[in-house]
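Dear colleague,

I am passing on the structure we talked about, and below it you will find my notes on what turned up when I went through it. Please read them with the structure open beside you.

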Amino acid sequence: MARILMIEDNAANMKLAVLLLEHAGHSVRCALDAETGLALARAELPQLIMMDIQLPGMDGLAATALLKQDPLTAAIPVIALTAMAMKSDRERSVTAGCDAYIAKPLRYRELYAAIAALLPQENALSDQSDAHPH
Ligand code: MN
């Protein structure tokens, strides 16, 4: 299970995402804006970042670009989240350095699949070592 940083300014979306992520066994840190999220990312080096594109002040794409330019945080996978149904969003998120893209509202299967695809293999190994013998 992973330490995940969620950067999202919408309280309802944040609440749903935290519920889904914690249900899957992840631990979640929350930031309501990009500046707080960047500071948490640098301080805690989460294993995955969920990044809302539309944020007050600095937007999620600018924040992702900064994370990807910083050697400290460049390797952390970023999943972009957006409510905007615009074709250009996927291209813009890829250009900014996002590793995956999810359109809101969140659907748990899509969320879990995107996370599983981005987490390193060692999570599977640690799951095995944590397994109880039957
Ligand atoms: Mn937003």
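A crossing of two helices is called right-handed if the near helix is turned clockwise from the far one by less than a right angle, and left-handed if it is turned anticlockwise. Please keep in mind throughout that this is a predicted model.

With that definition in hand, the crossing of helices H1 and H5 is right-handed. Their axes come within 11 Å and cross at roughly 60 degrees, and the two helices are therefore oblique to each other. On the H1 side the contact is made by Leu20, Leu21 and His23, which meet Tyr108, Leu111, Tyr112 and Ile115 of H5. Sorted by character, the residues of this contact comprise 6 nonpolar and 1 polar, with no charged residue.

The metal site may interest you at the bench. The manganese ion has as its protein donors Asp9 (OD), Asp52 (OD) and Gln54 (O), at 2.0 to 2.2 Å from the ion, and along the chain these donors follow the spacing D-x42-D-x1-Q. Asp9 lies in the loop between strand E1 (3–7) and helix H1 (11–23), whereas Asp52 belongs to strand E3 (residues 48–52), so the pair ties together parts that are 43 residues apart in sequence. Asp9 is partly exposed, with a relative accessible area of 35%, while Asp52 counts as buried at 3% relative accessibility.

Another place to look at is Thr73, which sits in the loop between helix H3 (60–69) and strand E4 (78–82). Thr73 has a relative accessible area of 1% and is therefore buried, the cut-off being under 20%. Leaving aside residues up to four places away in sequence, Thr73 touches Ala41, Arg42, Leu45 and Leu67; the C-alpha atoms of Thr73 and Arg42 are separated by 6.6 Å, although these residues are 31 residues apart along the chain.

Leu45, one of the residues that Thr73 touches, deserves a look at its backbone as well. Most residues other than glycine have a negative phi, and most peptide bonds are trans. Leu45, however, has a positive phi of about 45 degrees although it is not a glycine. Leu45 is placed in the loop between helix H2 (34–44) and E3, and at 35% relative accessibility it counts as partly exposed.

Finally, the peptide bond from Lys104 to Pro105 is cis, with omega near 5 degrees, and Pro105 is found in the loop between strand E5 (100–103) and H5.

With best wishes

Methods:
Residues are numbered from 1 along each chain as its sequence is written. This is a predicted model: local features need pLDDT of at least 70, side-chain atom pairs count only at pLDDT 80 or more; totals for chains, interfaces and linings use all residues. Side-chain values use heavy atoms; hydrogens and water are left out. Donors are N, O and S atoms within 2.8 Å of the metal (3.2 Å for Na, K and Ca); water is not among the atoms, so sites may look incomplete. Helices (H or I, at least four residues) and strands (E, at least two) are DSSP runs, numbered from the N terminus. Buried means under 20% relative accessible area, exposed over 50%, partly exposed in between (1.4 Å probe, protein chains only). Axes are lines fitted to C-alpha atoms, for helices over the stretch in contact, and angles run from 0 to 180 degrees between N-to-C directions. Angles under 35 degrees count as roughly parallel, over 145 as roughly antiparallel, 65 to 115 as roughly perpendicular and the rest as oblique. Contact means heavy atoms within 4.5 Å. Ala, Val, Leu, Ile, Met, Phe, Trp, Tyr, Cys and Pro count as nonpolar, Asp, Glu, Lys and Arg as charged, and the others, Gly among them, as polar.
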